Amino acid sequence: MRDLSRPSEPCRAVQERMAAETAARTAAAAPAVALSENAGAPSALRAALADAIADYAPEIISLSHDIHAHPEVGYREHHAVVAVADLLRAHGIQPRVGVYDMDTALRAEIGPGAPESAGSAASAPAPTIAILAEYDALPGIGHACGHNVMCANSVGAFLALAALALHEDVALPGRIILQTTPAEEPDTAKEILARRGMLDGVDAAIQTHSYAYDLADQTWLGVRRIRAVFTGVAAHAASQPFMGRNALDAASLALAGIGMMRQQILPMDRLHAVVVDGGRVPNVIPERSELNIFVRSKYPETLKDLVGRVEDLLRGAALMTGTGVEIITPEYTNEMPVRTNGPLTAAWVRSQRERGRDPLPTGVVPETIAAGTDFGNVSQRVPGIHPLIRVTDRPDVALHTREMERAAGSPSGDGAAVDGAYGLAAVALDWLYDADFRRAVRADFEAAGGAVDVENFWG
């Protein structure tokens with residue numbers, strides 16, 4: 001009999017099996033599609049970019065370490081935004097801090113149409129690509145999602161591209177924006193920023209994500225966050241319970257219903273909830289309870305359907321208990337599923353092979369290992385990619401763990417910081433320098449449904 005004073009240990013056989021399946025699929029799978037050598041930016045320009053990345057590598061790693069050593073939760077990334085701003089200013093780039101009424105959001109631009117090149121004779125809007133950067137940490141376990149590496153990827157890419165633009169023979173044929181996006185973990189700040197104009201005039205957007213594998217593409221689920229507040233009638237739990245209406249019973253029934261619903265949802269759907277309020281003392285019938293619920297699904301339409309089913313379930317729990325229910329959702333859309341652009345992904349794969357990495361194609365790593373990100377809200381508006389870059393030599397290291405936090409500040413994390421910086425910069429160059437490639441990127445986006453009205457998605 002096990003020691004009941006301690007929880008049981010989760011079975012690691014699942015992780016071991018998934019690792020074995022991933023290895024077998026890797027051996028059998030066709031390589032991820034890479035951009036052909038005659039497409040995108042010229043090879044000589046990519047070589048110059050690699051030299052610029054090598055020059056900036058110590059500063060890229062230093063930025064990653066600095067942010068890793070000073071973890072800050074969402075909307076409080078004050079050290080991080082100063083570190084990024086100071087690094088840009090040290091190289092002659094003047095960023096704007098506190099853009100779009102968000103204190104820890106920063107924006108910098110280079111190329112035709114950028115603020116510092118105002119008055120240029122461009123007759124039409126220049127092609128514009130945005131490199132997004134996150135740098136918030138998790139409460140208690142720091143950078144266990146590797147945002148320090150991701151920030152270093154984006155800032156390093158922007159610095160290297162700016163360095164190329166300083167040479168007379170490398171005139172950027174379009175505009176590049178560096179936009180930091182706070183609070184990915186606790187909120188959907190990219191949605192807020194998008195509504196305030198972050199993507200106005202932007203034609204494509206790219207960023208990385210830290211992981212235990214190099215993946216060209218992986219499933220990112222959409223997320224809808226729901227608060228359910230049940231209101232009952234307080235009564236003495238012993239002398240007159242019949243005069244009460246138990247709000248905690250409603251929450252308990254809702255949790256039970258969510259548990260039973262899991263049998264009838266799609267394999268990639270996820271439902272998880274916690275009780276935020278369940279009463280204060282056992283001798284009073286609780287007159288208030290509150291659930292915090294996350295609803296996740298792989299596609300926008302299945303997410304909307306599942307949210308409707310969960311809301312019906314909550315109303316049913318209120319009917320069964322004679323309580324009232326208020327279903328509270330944010331004023332803005334939560335995370336949308338990420339839509340991955342095929343041609344941009346091919347450019348990323350080529351860039352990483354040039355760095356000695358070989359991103360795995362879709363389907364090799366089980367998609368059951370899926371989370372959510374507010375980059376999905378960006379990718380439904382403009383073509384984008386959110387590839388994963390390996391920051392650890394151990395495939396069993398999961399996001400949001402202390403092991404991942406250590407990996408994000410380790411030598412393997414340093415390598416990812418530099419390689420990812422080259423990758424983002426190379427993708428941006430490919431997109432800027434090749435009009436046919438840009439058209440292919442747009443065609444892929446339109447074939448997948450085109451721009452979604454994210455702001456009004458929920459009606």
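Contact, on this tour, means heavy atoms within 4.5 Å. With that in hand, let's walk through this predicted model.

**Getting your bearings**

Colour the chain by pLDDT to begin. The mean is 94, and 98% of the residues reach 70 or more. Now select residues 118–122, where pLDDT stays under 50. For this stretch, the model has 1 contact beyond four places in sequence.

**Stop 1: Met198**

Next, select Met198, in the loop between α5 (189–195) and β5 (204–206). Is Met198 buried or exposed? Its relative accessible area is 1%, so Met198 is buried. Show the residues around it: leaving aside neighbours within four places in sequence, Met198 is in contact with Tyr100, Arg107, Gln179, Thr181, Lys190, Leu193 and Val378. You can also draw a distance from Met198 to Val99, as their C-alpha atoms are 9.0 Å apart in space while the two residues are 99 apart in sequence.

**Stop 2: helix α4**

Select residues 147–165 to bring up helix α4, which has 19 residues. From its first C-alpha to its last, α4 reaches 27 Å, close to the 27 Å expected at 1.5 Å a residue. This helix is mostly covered, with 18 of its 19 residues buried.

**Stop 3: helix α7 and Pro300**

Move on to residues 300–321, which form helix α7. How far apart are the end C-alpha atoms of α7? They are 32 Å apart, which agrees with the span that 22 residues should have at 1.5 Å a residue.

Try showing side chains along the helix. The buried residues of α7 include Leu303, Leu306, Val307, Val310, Leu313 and Leu314, and Glu311 is also among them. What do the buried residues of α7 pack against? Their partners are β7, α6 (247–261), β8, β9 and β10 (324–328).

Now zoom in on Pro300, which lies in α7. Pro300 has a relative accessible area of 15%; burial means under 20%, so Pro300 counts as buried. Apart from neighbours within four places in sequence, Pro300 is in contact with Met336, Pro337, Gln380 and Phe457. A distance drawn between the C-alpha atoms of Pro300 and Val223 gives 9.4 Å, although these residues are 77 apart along the chain. Just after α7, select Gly322, which takes a positive phi of about 70 degrees.

**Stop 4: the pockets**

Switch to a surface view. The largest pocket holds about 850 Å³ of space. Which residues should you select to find its centre? Of the 45 lining residues, the closest to the centre are Ile369, Ala370, Ala371, Leu399 and His400. Elements giving two or more residues to this lining are α1 (13–28), β6 (209–211), β7 (222–231), β8 (270–277) and β9 (288–297). By class, the lining divides into 28 nonpolar, 11 polar and 6 charged residues.

For the second largest pocket, with about 370 Å³ of space, select Lys298, Tyr299, Val338, Arg339 and Thr340, which lie nearest its centre. Its lining of 18 residues has 7 nonpolar, 6 polar and 5 charged members.

**Last stop: a cavity**

How many cavities of 30 Å³ or more does a search of the whole structure find? The search finds 1, with a volume of about 30 Å³. To see what encloses this cavity, select Ala216, Asp217, Gln218, Trp220, Val338, Thr340, His386 and Pro387, which line it. The cavity lining has 4 nonpolar, 3 polar and 1 charged residues. Val338 and Thr340 may look familiar: they line this cavity and are also among the residues nearest the centre of the second largest pocket.

Note on methods
Residues are numbered from 1 along each chain as its sequence is written. This is a predicted model: local features need pLDDT of at least 70, side-chain atom pairs count only at pLDDT 80 or more; totals for chains, interfaces and linings use all residues. Side-chain values use heavy atoms; hydrogens and water are left out. On a 1 Å grid over the protein atoms alone, a cavity is a set of points where a 1.4 Å probe fits but cannot get out, and a pocket is an open set with protein on both sides within 12 Å along at least five of seven lines; lining residues have an atom within 4 Å of a point. Grid points are joined across faces, edges and corners, and a volume is the space filled by probe spheres set on the points. Ala, Val, Leu, Ile, Met, Phe, Trp, Tyr, Cys and Pro count as nonpolar, Asp, Glu, Lys and Arg as charged, and the others, Gly among them, as polar. Helices (H or I, at least four residues) and strands (E, at least two) are DSSP runs, numbered from the N terminus. The expected span of a helix is 1.5 Å times one less than its number of residues. Buried means under 20% relative accessible area, exposed over 50%, partly exposed in between (1.4 Å probe, protein chains only). pLDDT is the predictor's confidence in each residue, from 0 to 100.
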